[in-house]
Every structure is written in C-alpha cells, then in structure tokens.
Amino acid sequence: MTPPDALARAVRRVTPRPAVVDLSILVLVGLELLSGVVSLGTGRAENRWVFWLHGVAGLLLAGLLAAKLWRVRRRVSAPPDRAARLSVLTAVVAVGALVTGVAWVLGVDVDLWLWTLLNLHVLLGLLLVPLLLVHLRSRFRLPRARDVEGRRTALQFGALLVLAALTWRVQGLLNAAFRTAGASRRFTGSRPADGPSFPVTSWVADDPGPVDRDAWRLRVDGLVETPLSLRADEVGPATRRRATLDCTSGWYTVQDWEGVRVGSLLSRAGVDEDAAWVRFRSVTGYRWSLPLSEAREALLATHVAGRPLSHGHGAPARLVAPGRRGFQWVKWVDRVEVRARPDPGQYLATLVSGFTDEGRPTRDTDGD
Ligand SMILES: Nc1nc2c(c(=O)[nH]1)N[C@H]1C(S)=C(S)[C@@H](COP(=O)(O)O)O[C@H]1N2
Ligand SMILES: [Mo]
C-alpha cells in the first residue's frame, strides 16, 4: 500500500456517513455562530474557553466540510440549476469564513481599507447563516438510524475531536516557536496596536463634533437621592488604573487611564435601594450599561497615558470598563443613569447612534 492509499484509508475510517457529516456541519455552524457572538462580548481571561471552543469547533468543521466537499465534488454539472448555484455560493462563503479565521489565528492580516481580516471573518460567518438556511430547505434530510453506527460514529467523532484539539495546540506552539505575528495575539485573537498611540475607532458611524468642555455637564441621575450635574472641574478626584482596551475588530492596547471612579460619583448622588444597573450615555446617544457593582469599579477617564483625552478618544470623559470589549467603553459620556433594569435597547443604540443628529459630525455645518 502506498502512503497516499494509506492516508485515503485512514480518512475514510474517520469520516462518518454522509448524513451524519451534514448534520454535524449544521450543528457546528450553530456552535460557531453562538461562540463567535459570545466571544465578541468578553475580554476576561476566565472566559478564554469560549475562544478555545470557537477555534477547535472551527477546525472540526473544516475537516468535516472538506469531507463533504470531496464527496459532492462532481455534483455540480453543467448547466447548474438554482439550488446548485446556491450550494456553491454557500460552500464558498463557508470556506472563506474558515480560511479567514485560520489565517487570523496564524497572524496574517491584510489591510482591507477600513477593515481587518477579522471583520471579514465575522461578516462571512454571519452571511453563512441565511445561506445555510436556504440550502437546508432544498437539500437537508435527517440521518436515519442506519447512518448512525453507534460505537463507530462515537469513535470517529472522538478521533476527529482529538485531532482538532491537537491541531489547535500545535498551532499555538508553532506560532510561539517561530515568533509569528500570531504569537503576539491576545487570547481574544486581538493583536497589539502598533506604536505608543492607539487607533481611534467607532463601532458603526459615531462621529460627533468636538464636545465643548466648558459647556459640558456630567449628569448623574435616575434612581439616586440627589441628581448631580457636574462641570468638568467638579467631577471629583482622579484615580489611575491600568486597563486593556480590546476592540472586536482585532487590536488591543494596555494603557494607564486616569479619571473618577464611578463608585465615587454614585456615593455622592446616593443610589436608591432598587438600583441594579448603571447606564452610560454618550452625547451621541450611544450607550451601554453595567451591573451596579461592576460599574462602581469602572472609571470615567479624562486622561490616558498622562495626557488629557483627545477628542477621538472620547474627551471630556469616556468609560473605562476593565474586562469588557472596546465597544462597551462609551466615549463622550455626559450622563450616568442609575436603573433598576438592564437596557436591551443598547444593542440597537450602538448601531444607529451615528445616524442620529447628535451622532453626526458637526463639521460640515461649521462654516455657517
Ligand atoms: N460614543 C461612542 N463610544 C464608543 C464608540 C463609538 O462609536 N461611539 N466606539 C467603541 C469602540 S468599537 C471601541 S473599540 C472603543 C475605541 O476607543 P478609542 O477610539 O479610544 O480607541 O470606543 C468605543 N466607544
Ligand atoms: Mo471596537
């Protein structure tokens, strides 16, 4: 037996029946969607397993998808019908999502104008969902009892899972050994932002004009005994805190932030008994909320790296929420609201704030 034959036999051995492969692909895409979305919301080391799961399940998915594509390689005949064209598109998007994900982990980054390879990975992953749903309608059947060969299928999946986990581990070791760009990645996949300064980013389109520091007031209200409205020189004593800003577009920076502890503002205002959440609002309408105890530990920063915040970084004050991802670090904060409940509308607010009057740049009307 020649080596390629031996390999082909080994591959056949670990490949489950077609219907089982297809169902597993479906389940894995669901898992990738879930872990991918959850991973965007966390930057805490104790949640690193979410990223691990996303990586290993991705490798498993790559293996099963390869088996599937090999199986159907001759299916697309000329002229392809609509369903076949859709299947090809689904395959291309799926392969694209996997390739961009793997490339990102290996440290590859290409400049896609405003985007990173990671943004493209997220887009392709999300695009795959509707494509797969339509593809399912024309193609899917559930595995029958005879497709599932009990012990054998379980062993196959065991072997595939071990293989995927090993590949993930070896990838980490190789990245470290060869000091690739992948080795400097944080567990979230973010790379260090280059240079002493760090990027100015907006989540979607938030781009207000500079906030006038003299006219600016910080309001602290909601479920408090004494609502406050503070001038910049009244916000209170500054504390310093080192914290990592980790943006979901794939970069991070560790900085020394300086500003008032939110807990000190809240003590001054006195929170009511049923207070449980604190919402931070930007002049643009962009907003995010933190549970009360976490909010107390957060900072409203006015300085970073020993200097006053620039407009782009959120002057006069921006939220510093350690362990949270960058998009939750609200910039240009002018209101701290104590609430009893969380705020489901915040997700939408971060997406649309750039399209409201407050969020749009004022520069184009400056000449009036
Ligand atoms: N008001 C407001 N705050 C915002 C954003 C925004 O678009 N509007 N972008 C967020 C995102 S996605 C990130 S990563 C950080 C970036 O902070 P920086 O521009 O200081 O690097 O700010 C967050 N705070
Ligand atoms: Mo971000």
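In this predicted model, the largest nonpolar core takes in 45 residues, and the ones with the most contacts inside that core are Trp257, Phe280, Leu300 and Val336. There's also a second core, separate from that one, with 20 residues; Ala57, Val93, Leu132 and Ala164 are among them.

Ala57 leads straight to helix α3, where Ala57 is one of the buried residues. The helix covers residues 48–71, 24 residues in total, and its first and last C-alpha atoms sit 35 Å apart, close to the 34 Å expected at 1.5 Å a residue. Quite a list of α3 side chains and glycines ends up buried: Val50, Phe51, Gly55, Val56, Ala57, Gly58, Leu60, Leu61, Leu64, Leu65 and Lys68. Lys68 is on that buried list too, alongside residues such as Leu64 and Leu65. As for what does the covering, α2 (18–40), α4 (82–105), α5 (117–139) and α6 (150–177) are included.

Zooming out, the protein chain holds nine helices and eleven strands, and its C-alpha trace spans about 80 × 45 × 45 Å along the principal axes. Of the 368 residues, 41% are buried. Counting contacts with a separation of 6 or more, 72% come from residues 24 or more positions apart.

On the outside, the chain exposes about 20300 Å², with carbon and sulfur atoms supplying 61% of that area. Charges come to 48 positive and 34 negative, and the mean positions of the two sets lie 14 Å apart.

Key: Residues numbered from 1 in each chain as written. Chains lettered and ligands numbered in written order. Predicted model: local features only at pLDDT ≥ 70, side-chain atom pairs only at ≥ 80, totals over all residues. Heavy atoms only, no water. Helix = DSSP H or I, 4+ residues; strand = E, 2+ residues; numbered from the N terminus. Buried < 20%, exposed > 50% of the residue type's maximum accessible area, 1.4 Å probe, protein only. Contact = heavy atoms within 4.5 Å. Areas by Shrake-Rupley, 256 points an atom, 1.4 Å probe, with all protein chains shown as cover. Lys, Arg positive; Asp, Glu negative; His and termini not counted. Charge placed at Lys NZ, Arg CZ, Asp CG, Glu CD. Core = buried A, V, L, I, M, F, W, Y, C linked by side-chain atoms within 4.5 Å. Expected span 1.5 Å × (residues − 1).
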